[in-house]
Amino acid sequence: MANDFEVAIIGSGFGGAVTACRLAAAGRKVLVLERGRDWKREDYPRAPGDAWLWDDDCPERCNGWIDLRRFGDMTVVQGAAVGGGSLIYANVSVAAEPFVFEAGWPAEITYQALQPHYEAAGRMLNVQELPDNQLTERFKLMRDGAAALGHAARFRKLPLAVTFDQDWHYGLDDAHDDRHSKPWTNPQGQAQGTCVHCGNCDIGCQVGAKNTLDLNYLAAARTAGTEIRADHIVRKLTPLDGGGYRVGFERIVEGRLIPGAVTADRVVLAAGSLGSTELLLRCRDEHRTLDRLSDRLGHGWCSNGDFLTPAVYLDRRISPTRGPTITAAIDFLDGSQDGNRFFVEDGGFPDVLGNSIAEVTANAAKAGGPFATLFAAAGALAGGRDPLDCIMPWFGQAVDVADGHLYLGRPWWNPLARKVLRLDWNFAKSEAVVQAMVEMHKDLSKATGGIPVEPLYWRWFRDLVTPHPLGGCAMADDPRNGVVDGRGRVHGHAGLYVADGAVLPCAIGLNPSRTIAALAEHIAAAMIAE
Ligand SMILES: Cc1cc2nc3c(=O)[nH]c(=O)nc-3n(C[C@H](O)[C@H](O)[C@H](O)COP(=O)(O)OP(=O)(O)OC[C@H]3O[C@@H](n4cnc5c(N)ncnc54)[C@H](O)[C@@H]3O)c2cc1C
Ligand code: SF4
């Protein structure tokens with residue numbers, strides 16, 4: 001009997017959206033199963049009681065679009081939605097640099113080979129730079145900092161998956177009001193708007209200026225016949241005797257989980273670094289349905305060196321809640337800083353976060369302590385303005401060491417508990433490069449009149465937070481070194497693929513979504529050619 005679908009894709013982020021679009025356009029019968037909701041702009045969470053968070057322990061009740069995972073010293077932030085991380089990401093869509101591909105990749109993955117795929121992704125995501133008449137205060141501060149330290153040549157605008165209106169500018173009356181967003185229809189027939197610099201990128205763009213995956217790749221996939229099922233959590237993959245796989249899932253329906261399954265000739269895992277790795281680990285170690293997976297499964301994980309250092313400016317207004325979240329970079333990926341490769345960016349945050357931080361700092365001010373004094377001093381010297389207006393979030397990524405290990409384990413105090421995804425990660429080998437970026441953040445702050453505040457969670461505990469989890473199902477020509485080959489094919493299991501952030505064998509030191517999309521373009525092209 002024929003399987004239900006030619007291709008089942010698990011997850012609808014960068015890997016899933018790209019493969020769905022390309023395979024459907026090539027005439028394949030494609031199904032996408034996505035655990036998150038199919039969000040409409042008018043339903044985006046905004047108020048404190050809205051559905052912000054996803055809880056993997058009780059997804060039937062708690063299925064918001066931010067999935068926060070705490071693993072000892074590492075916290076991972078990821079998206080859960082039709083469109084994956086794109087709905088809440090900061091829109092930076094930048095290609096990795098050539099050095100990344102010099103070692104550790106399968107032979108067919110080279111910087112040169114990926115260029116057409118980077119370009120194809122850039123066209124679909126409609127990437128563009130911040131117009132010169134719309135420079136944000138953070139942009140200007142970064143430019144000043146780079147010049148003051150003699151690094152002007154390293155400063156550059158970043159490509160963003162945002163639609164700008166050349167006529168918009170900060171001098172408009174009530175400039176950030178949604179009414180200044182101009183409606184337009186994109187090539188996939190989706191209604192969008194233009195950017196009004198409201199600063200909400202990381203909580204979803206209410207005017208549709210962000211070129212998110214649901215509006216381009218997934219819209220094109222739907223037009224080409226792809227079925228996208230939201231609220232479907234895939235739990236198990238079982239090879240079928242006649243070829244293909246049975247994909248077992250649980251569907252979220254009115255606060256309950258309803259089991260179900262489909263069959264497909266080929267399955268593409270695109271559930272993200274944690275999601276794809278966990279599913280394969282469960283199939284190998286719990287269900288025992290995929291017993292030929294590489295021993296490297298779960299190994300080679302990294303955080304892509306993300307770090308944020310806030311700095312307080314007493315005589316300069318930064319307005320971190322205005323403008324697209326990130327717009328520019330100072331590029332130190334050439335290793336010129338004692339061999340450490342990193343990429344400094346500005347990092348804004350949305351008003352909603354600003355309001356809650358303001359509440360926290362107000363409470364901290366009442367309680368006393370060093371941070372309270374700092375914020376209070378900044379507020380007073382700034383003439384009673386909101387102290388958050390004077391904060392520059394210096395942000396960035398670094399090429400850290402991919403030595404994290406994901407595995408399934410129980411808490412030591414409860415041998416009967418269900419096994420959960422765990423991560424062994426140690427700062428030791430990545431400490432130098434992260435600290436080099438922190439020191440550069442501090443130098444940039446001081447050179448521009450700011451007071452840097454190295455976060456205590458790093459200074460005291462060496463803890464990190466990352467929105468860029470990478471690895472777990474690394475690419476390698478040989479199964480002794482990786483889980484999938486250079487075309488995303490899982491070693492040992494024909495018809496099974498991985499096409500997302502899990503396949504990266506190393507950190508790339510800058511925002512990864514464009515590289516994930518380019519690799520997925522490559523994998524989809526190879527699948528179509530097969
Ligand atoms: C706040 C924030 C800001 C960011 N900003 C940027 C940026 O500016 N530029 C950049 O390049 N990157 C950015 N990132 C990172 C970027 O979003 C990720 O690198 C990217 O989304 C990863 O793509 P992916 O396809 O690997 O996985 P994802 O986009 O995470 O997609 C995986 C999908 O699979 C689904 N899934 C997981 N498990 C299952 C399951 N069992 N069954 C069904 N579905 C499942 C998830 O819900 C998710 O939708 C940001 C991330 C965050 C959180
Ligand atoms: S700044 Fe506001 S309008 Fe512009 S892309 Fe971000 S959320 Fe959309």
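Select F307 and G396 in this predicted model: G396, in β17, is the bridge partner of F307. Extend the selection to residues 307-313, which form strand β14, and to residues 391-398, which form strand β17. The two strands run antiparallel and are joined by 6 bridges.

Next, display the whole sheet to which these strands belong. It is an open sheet of 6 strands, in the order β6-β15-β16-β17-β14-β20, and its pairing is antiparallel. At the edges, select β6 (155-157) and β20 (450-452), each of which pairs on one side only. From one strand to the next, the twist averages 30°.

Two helices that pack on this sheet may now be added. Select residues 137-148 for helix α3, which touches β6, β14, β15 (328-337), β16 (340-346) and β17. The direction of α3 makes about 65° with that of β17. Then select residues 431-447 for helix α8, which touches β14, β15, β16, β17 and β20. Here the reference strand for the angle is β16, with whose direction that of α8 makes about 45°.

Proceed to a second sheet. This one is open and has 4 strands, ordered β3-β4-β5-β21, with mixed pairing. Strands β3 (53-54) and β21 (464-466) stand at its edges; each has a single partner strand, so one side of each is left without a neighbour in the sheet. Select residues 66-71 to show β4, which pairs with β3 in the parallel sense over 2 bridges. Within this pair, L53 stands opposite I66 of β4.

Finally, centre the view on ligand 1. Which of the 35 residues around ligand 1 come nearest? They are E34, R35, V92, G501 and S513. Show the side chain of E34, where an N or O atom is 2.6 Å from an oxygen atom of ligand 1. For R35, the distance from a side-chain N or O atom to an oxygen atom of the ligand is 2.7 Å. At A81, display the backbone instead: one of its N or O atoms lies 3.1 Å from an oxygen atom of ligand 1. On its own, ligand 1 has 990 Å² of accessible area, of which the protein covers 93%.

To see what surrounds the ligand, select α1 (14-25), β5 (74-79), β10 (232-239) and α10 (513-529), the elements that give two or more residues to its shell. Of the elements, β10 gives the most, with 3 residues. Colouring the shell by residue class shows 17 nonpolar, 14 polar and 4 charged residues.

Definitions and conventions:
Residues numbered from 1 in each chain as written. Chains lettered and ligands numbered in written order. Predicted model: local features only at pLDDT ≥ 70, side-chain atom pairs only at ≥ 80, totals over all residues. Heavy atoms only, no water. Near = heavy atom within 4 Å. Polar contact = N/O pair within 3.5 Å; in protein donor to acceptor, adjacent residues only side chain to side chain. Areas by Shrake-Rupley, 256 points an atom, 1.4 Å probe, with all protein chains shown as cover. Nonpolar A, V, L, I, M, F, W, Y, C, P; charged D, E, K, R; others polar. Pairing = 2+ DSSP bridges. Axes fitted to C-alpha atoms, helices over the stretch in contact; angles between N-to-C directions. Contact = heavy atoms within 4.5 Å.
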